[in-house]
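Got your viewer open and a selection box ready? Here is a short tour, one stop after another.

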Amino acid sequence: MASAGACCGSVRAGVSNANSSLSISACNLARSFKTRGCAVARLEAPVPSVPTMYFIVNDRSIQLSEPWTGELLLHVLREHLGLTGTKFGCGVGQCGACTVLVEGEPRRSCITPASAVAARRVTTVEGLSPTDGPLHPVQQAWLDTAVPQCGYCQAGQIVATVALLARVPAPDTSQIDAALDGHLCRCGTQQRVRAAVRCAAQIAVGRRGA
Amino acid sequence: MKRRSLLTGGAALSVGFVAGCTLPVIPKRPAPTPEHARGWIRFEAGRYALRLPRIEMGQHIATGLKQIACEELGIEWSQLTWELPATDQLARVRATVGSDSMRDFALPLAQACATLREAVAAGRTAGDLQVRARPMGELRAFRHSGARWVGARVPLEHAGAIVRGEPLYAADMRRPGRVFGRVLRAPASPELASHPQALDEAAARAVPGFIALVRDERLQLGQAQGLGIVAAAPGALDRIEAALSIRWRSEPGFEPTEVEAALDVDACLARGGGRLAHRVHAEAVDGGTPWDVDLRLDIPAAPHGQMEPRAAVAEFDVNGVLTVWAGTQDAFYVRDVLVRRLGLDESRVRVQPCRVGGAFGARTLCTVELEAALLAQAAGRPVLVQWTRAQELRHGFHRPPSSHRVRVRLAGGRLQDWWHAFASSHILLTNAAAPAWLQRVADVIGDDGVARGASPAYRIPRRRVEFDLVRLPVLGGPWRGLGAGPNHLAIESTIDECARCAGSDPLRFRLAQIDEPRLARVLQRAAEAAGWRAGPVAAVSPVSPVSRVAPVSPVRRGRGIACGIYKQTSFAAVVAEVAVDDEGGVRLLRLVCAHDCGLVINPDQVRAQCEGNLVWGIGMVLTDRLPLANGSVAAGSFADAPIPRLTQVPPLEVHLVDDAGHAPSGAGETVIVAAAGAIANALRDATGVRPLRFPVMPATLRKSSG
């Protein structure tokens, strides 16, 4: 990703003693045993360690410790923080299912090290609207247009649309295509995605006017 | 030589399988009955609860069956809740495949709901009811007029959770103490015997987060012996894999040219003395006169490309009961495989289906579920296994490649003799699950999946349709529409050439030789909607496709039409309009579709399925491929095995024939029979070049300098 270097540069400020704390995660060999047809070496879980970086996810400050500081942002969000709305699709930044916002800009979290977002603001699909409150205009538009089929790529598409509309409040087709062409959908929801983006723009205008 | 035996199905392979295991677990396919449906719906504390007998994978069958239930029960939308039941909460149901959920499950569900409605109205609120198998005509859910939920636009179930990012899919299931697993295999086709020969275990153990290395012979996939790793964090799996530096030992590979040669339909015909092994139609078409149309079409292997790489979470409870959360099309088959391979009693294995992030046939076997269960058993903790995209491509199964020869004689401008010969690898009895010896035994009965859609829907006096099944070293299996997509692409390409040969408009040519009124109706509907006026092709084409004159515009435009019947019950026609630039770059201008699946339960979602299949048609013609090299799928990402992108999708127009005179049939695959053919025919119209090898590469369509 073209901007990865820039991200990493600003990250280091937020990481304290990342290298010196690495050894904390070393595991102790507890025991090994054999079961039917398989040999297994079993180890204890990592020892909890002191926070080494923080970042902000959906307006909540998160302290991150080893081993999670060495993980990709996608895994930290999903497996450590339980924000499973962001999806693993390809692992190499090609499909867009893992897209989140970092300081409002769309980022592929499957190729973004957690350390790259230290001290930065991350927004996931869960952070677009309050749990029991009204939906974000883009989420509402997705429902109004009945976009999702299997739904797996939709969080990435929705988050990317939020970023698009922040930049271009009323995008035309070519602007929509440029912003979302990198978001793959095998079910074939592309036409409805385009319609939903336009619908979201209108909802946003309506809400601002209200 | 071993590599030869791979392609000819020699004895060497089967011996290995017989020695390794017994008959594979065969999926059971019970027909849903009113008696089964009794377990799907119940009334409790003033509310109704539906245990969905189908898997939810984007077809929104939960919404559709809820419409049926609410209509029949005569209740508010909010009075019925539903769940995806685990295998211990429901009598066995068959796999969610083949666009048959509405066709086969709506009626028994409505029958059960009618019985329940009458019982509740009579004041009964407890006990078991005997469901009466009343006919469709007596049920409220299938009345076309006066319906409240059926035929209406209703909120999509799960959609709110999807847009909020709530946990729905297998990998979203978080269990206390859950760790992460992966099964490593040789970078070779699982059809080739392989195993780890050397590895650096000490280096792996030194990786922070390492939990276990699992050597278990049951981690075999096809002929590929896997090695399990378990780690405390997902990223550690990558680092452990790298640290292991595994050297794999694998059977000699194969070259793509060998696969092509094995599947070459002309070579198959030559080997069989002009005959292939399996017949769909067996009329004699031998005659002295030359063929008027003679096409050879080749359609490659293609990935499913579903966005969710398969995933499962497995957990043993304190009593040793195994629960597996899985994104599968066939939870009961997964349970059967787990019972067999883990040697557990059926009562000690539960499979909890989760929403599937795209299936398209890819989730019909048991793969990642067994891996998660074995790793959880070894590690003594809940384990999540999600395949990487590279594993999906290298170790999953795919649309089998197929090779087609279609020859036609015309008489008086009509179809007279039709001979379609094709070769494919197996689909229903896939090599991803069935050993070679079993395939050879079962080859006596053919493979209905390969044959699907091979019978042309036109009035043809003499028809011979036959095929060979070739076991290939690439894993093939069910892919949206099974054989219907590729077979119709071949048929509809040929019909288009026949119309040209007869000097007839392709719409008029088709209509003149179609007896099925529902097929004729969708053809007319699509043509009308697209503004298709019958006439000689050249007269309506902006640039004559065979013109040798310098074009007035650098863009060549064309239109194409195609149609077909899916599983005898659903009908579709598509008109495609394309523009092709001088370099052969293709831009679709629009796709117009008409679809008839009888009574429509949810028009918006039938449209959505049609739209999806139109996009799959784009893929079949322009993108879908699976490169092979060195005995393996040579694709590790979407860059190597692309699927259609947003910018390749033109405006899609869907017109529904809502025919209450016919019971609801399927909509999940119908349009795939017409979409690819229409696009291919439009390319032919625009360029004069008949697409014969798919996907169509720009070089094929480049404007010749002459």
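Which residues form one aromatic cluster with Trp616(B)? Select Phe360(B) and Trp479(B) next to Trp616(B): those three make up the cluster. Keep in mind that what you are looking at is a predicted model.

**Stop 1: out from the cluster along a helix**

Keep Trp616(B) highlighted, since it is also one of the residues that H20(B) puts into its contact with H21(B). Colour residues 603-623 of chain B for helix H20 and 672-687 of chain B for helix H21; their axes come within 8 Å and cross at roughly 50°. That angle is neither under 35 degrees nor in the 65 to 115 range, so H20(B) and H21(B) count as oblique to each other. The crossing of this pair is right-handed.

Now show side chains at the contact. From H20(B) you want Asn613(B), Leu614(B), Trp616(B), Gly617(B), Ile618(B), Met620(B), Val621(B) and Leu622(B). Facing them from H21(B) are Ile672(B), Ala675(B), Ala676(B), Ile679(B), Ala680(B) and Leu683(B). Colour the contact by residue class and you get 12 nonpolar, 2 polar and no charged residues.

**Stop 2: a cis bond after H21**

Follow chain B past H21 into the loop that leads to helix H22 (698-701), where Pro695(B) lies. Check omega from Phe694(B) to Pro695(B): the peptide bond is cis, with a value near -5°.

Chain A has a cis peptide bond to visit too, joining Glu66(A) and Pro67(A), with omega about 5°. Look for Pro67(A) in the loop between strand E4 (60-65) and helix H2 (73-80) of chain A.

**Stop 3: H4 against H5**

Back in chain B, select helix H4 (residues 61-73) together with H5(B); the two axes come within 8 Å and cross at roughly 30°. With an angle under 35 degrees, H4(B) and H5(B) are therefore roughly parallel. H4(B) passes H5(B) in a right-handed crossing.

Side chains to show on H4(B) include Ile61(B), Leu65(B), Ile68(B) and Glu72(B), and on H5(B) they include Phe105(B), Leu109(B), Cys113(B) and Arg117(B). The full contact divides into 13 nonpolar, 2 polar and 2 charged residues.

Step back into the loop between strand E2 (47-51) and H4 of chain B to find His60(B). Its phi is near 55°, a positive value in a residue other than glycine. Is His60(B) buried or exposed? His60(B) is buried, with a relative accessible area of 3%.

**Stop 4: a stacked pair**

Over all chains the structure holds 8 aromatic pairs. For one of them, centre on Phe105(B) and add Trp40(B): the ring centres are 5.6 Å apart and the planes sit at 25°, so this pair is stacked. Trp40(B) belongs to the loop between helix H3 (34-37) and strand E1 (41-44), while Phe105(B) is in helix H5 (residues 101-121), so the pair ties together parts of chain B that are 65 residues apart in sequence. Trp40(B) and Phe105(B) are both buried.

**Stop 5: two loops to finish**

Select Ser347(B), in the loop between helix H11 (331-342) and strand E15 (349-353) of chain B. Ser347(B) is exposed, at a relative accessible area of 59%. Draw a C-alpha to C-alpha distance to Leu322(B): 9.4 Å in space, for 25 residues in sequence.

Last, jump to Lys567(B), in the loop between strand E20 (556-566) and strand E21 (570-580) of chain B. Phi of Lys567(B) is near 55°, a positive value in a residue other than glycine.

Notes
Residues numbered from 1 in each chain as written. Chains lettered and ligands numbered in written order. Predicted model: local features only at pLDDT ≥ 70, side-chain atom pairs only at ≥ 80, totals over all residues. Heavy atoms only, no water. Axes fitted to C-alpha atoms, helices over the stretch in contact; angles between N-to-C directions. Helix = DSSP H or I, 4+ residues; strand = E, 2+ residues; numbered from the N terminus. Parallel < 35°, antiparallel > 145°, perpendicular 65-115°, else oblique. Left-handed = near helix turned anticlockwise from the far one by under 90°. Contact = heavy atoms within 4.5 Å. Nonpolar A, V, L, I, M, F, W, Y, C, P; charged D, E, K, R; others polar. Phe/Tyr/Trp six-rings, centres within 6.5 Å; stacked < 30°, edge-to-face > 60°. Buried < 20%, exposed > 50% of the residue type's maximum accessible area, 1.4 Å probe, protein only.
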